[in-house]
Amino acid sequence: RREKRKMCSLHRARGSVLVIFLLLHSATSFYLPGLAPVSFCEPGQTGKENEVPDCKSTIEIFVNRLDSVESVLPYEYTAFDFCAIDSEKRPSENLGQVLFGERIEPSPYKFEFKKKVDCKPVCTKSYNTNKPEDKAHLDFLKKGMLLNYQHHWIVDNMPVTWCYDVEDGQKFCNPGFPIGCYVTEAGRPKDACVVNSDFKDKDTFYVFNHVDITIHYHVVENEAAGARLVAAKMEPKSYKHTKVEAPDCAGGPMYLNNKFSGELKIGYTYSVQFVEDTHIRWASRWDYILESMPHTNIQWFSIMNSLVIVLFLSGMVAMIMLRTLHKDIARYNQMDSVEDAQEEFGWKLVHGDVFRPPRKGMLLSVFLGSGTQIFIMMFVTLFFACLGFLSPANRGALMTCAVVLWVLLGTPAGYVAARFYKSFGGEKWKTNVLLTCFLCPGVVFADFFVMNLILWGEGSSAAMPFGTLVAILALWFCISVPLTFIGAYFGFKKTGIEHPVRTNQIPRQIPEQSFYTRSLPGIVMGGILPFGCIFIQLFFILNSIWSHQMYYMFGFLFLVFIILVITCSEATILLCYFHLCAEDYHWQWRSFLTSGFTAVYFLVYAIHYFFSKLQITGLASTILYFGYTMIMALIFFLFTGTIGFFACFWFVTKIYSVVKVD
């Protein structure tokens, strides 16, 4: 019977592993958020027998905001006076898209499925530099070309990409394309001007007023009729049409001298062709974009290398801690006489002071509450991202999920803050709850509001509308704050945390410390190891934010998140043990600041990244970069500091509960 039970248990375990594997496999093969494929048919086939009833024949291109690697300020499509359509309703954006400044709207670029189009006119824009309004539009267009602003077009919820050859014969597919380019006064072509040898006139702008669009489609076999779009590629071109009213896509490039004055007409046109692709499935249609991302291979190698180093160091720390602690506990428990106890030294001597309430216990408890809220929010968000719910195909979902989770996690924040404040002997529970509700979120919101004022002043699309700002305040005050009060109520109602040893009435004098056991050197050293395991991922995360590259390796990010938690915990525990052995029992704030100091290294790295990797110019963009970086650093400080404190709290409680105290 035992053998049968073992065999049944083994088969169940194998079955569970198989189910998990299939779930993970399915999660990697399609996007989970319910983004159903759309079928397209040739005009006249819609609604026929054996055809898909809702098969579409018209393909629409939607346009998103324009952004640049040289500026933090994104702008709406209509800000540059391109061809627009006013009659149709704009798609609604979610909270995450609004926060990131995405503004998706319909465009006049529409065409029929499998119908080839050659040099079709969209609109003609006329400018007269003698008119102030026209001159302002033209100057803004030139500014956009000078800063290399990029279009972002969308077809069937998929980015229209510009694919071009890079070094080593590889092809890079950019989910955006420039509005134009500039040749300097010295005759040096900037940015996209290097792609055409005709772009050679000095101090001249070249407008990309024509696009060649290629739509790749896949005919679904053994299913209902219709085709699915699997890729949308384009190539920007510049044509000074012989006749703007009847464009022929011939002649030289559409140029605009920097000192031009007078009248100018720019005709916008496009061409479309369709290519059947039997190799790309609809479920993997984003792969060609993601695989061509720069440094992808470097990222895989670097992350694996980092994980091996961090796991090795973590194993070493764990082995040292377990062996040393085992000897300490065995030695302390073998002491029988009072004389032996008096001769002993080390962490057992401070047992009567180790749980003494820290100074500024109110502030520490508030930080712990906010840090717990951030930790749970990040864990759940990354977990859902790993499952594919927050993929790039589901625009704005990542930020929306994070904000909603933060709002709903007010209860654990209030509970943790109240519980520890009570254990620290605090009695001002109203002040504690109010600070938990408003201190850290208030600092973040104040910073964000100042950044939003700058964006408003610059006319950027990233400026949050007043209605959205009111909605966020309503989420904060009407949902998060009451939930925090509920958590604090249960935290204060519960009995205080019971410590394994009693606290003496008279504080023990701390002996003079050596250099490496003092607070500041330990705090500075404690953040090095956690930062070492994240700085590679940090580079790609900053690239995705400031260089507008897609970030999709959430599986690796989740793994690095777990490694960061382990490393913060072990580094803090190790330093805490050294300080207790040196008879310094002020571990509460030190444990929080030791792992929280990782945020300082993050800030230093962000400054280095700004000066070495980015090409951002302008005072407003610089202020915005550092303003948003300060928000990220504060969140990271609370997150890592909370991990260090809880790890140290568990460690101290554990070791003092297993030794005999007279």
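Trainee: Asp203, buried or exposed?
Mentor: Asp203 counts as buried because its relative accessibility is 6% (buried is under 20% relative accessible area, exposed over 50%, partly exposed in between, with a 1.4 Å probe and protein chains only). This is a predicted model, where local features need pLDDT of at least 70 and side-chain atom pairs pLDDT 80 or more, while totals for chains, interfaces and linings use all residues. Numbering starts from 1 along each chain as its sequence is written, and side-chain values use heavy atoms, without hydrogens and water.

Trainee: What does Asp203 form a salt bridge with?
Mentor: Lys259, with the closest N and O atoms 3.0 Å apart (a salt bridge is a side-chain nitrogen of Lys or Arg within 4 Å of a carboxyl oxygen of Asp or Glu). Asp203 lies in the loop between strand 12 and strand 13, Lys259 in the loop between strand 16 and strand 17, so the pair links parts of the chain 56 residues apart (helices, H or I of at least four residues, and strands, E of at least two, are DSSP runs numbered from the N terminus).

Trainee: And Lys259, buried or exposed?
Mentor: Exposed, because Lys259 has 63% relative accessibility.

Trainee: How many salt bridges in the whole structure?
Mentor: The search finds 11. Among them, Arg356 pairs with Asp353 at 2.6 Å between the closest N and O atoms, and Arg590 pairs with Asp584 at 2.5 Å. Arg356 is buried at 17%, Asp353 is buried at 1%, and Arg590 and Asp584 are buried too. Lys135, Asp139 and Lys142 are joined into one network by salt bridges that share partners.

Trainee: Switching to the sheet: what is the strand order?
Mentor: The order is 5-17-14-15 in an open sheet of four strands, with mixed pairing (strands pair if DSSP finds at least two bridges between them). Strand 5 and strand 15 are the edges, each pairing on one side only.

Trainee: How many bridges join strand 14 to strand 17?
Mentor: Eight, and the two strands run parallel. His210 has Thr269 in strand 17 as its bridge partner.

Trainee: Which helix packs on the sheet?
Mentor: Helix 3, residues 132-146, which touches strand 5 and strand 17 (contact means heavy atoms within 4.5 Å). The direction of helix 3 makes about 125° with that of strand 5 (axes are lines fitted to C-alpha atoms, for helices over the stretch in contact, and angles run from 0 to 180 degrees between N-to-C directions).

Trainee: Last one: where is Lys428 found?
Mentor: In the loop between helix 9 and helix 10. Lys428 is exposed at 58%. Leaving out residues up to four places away in sequence, Lys428 touches Met362 and Tyr421. The C-alpha atoms of Lys428 and Met362 are 8.7 Å apart, with the two positions 66 residues apart along the chain.
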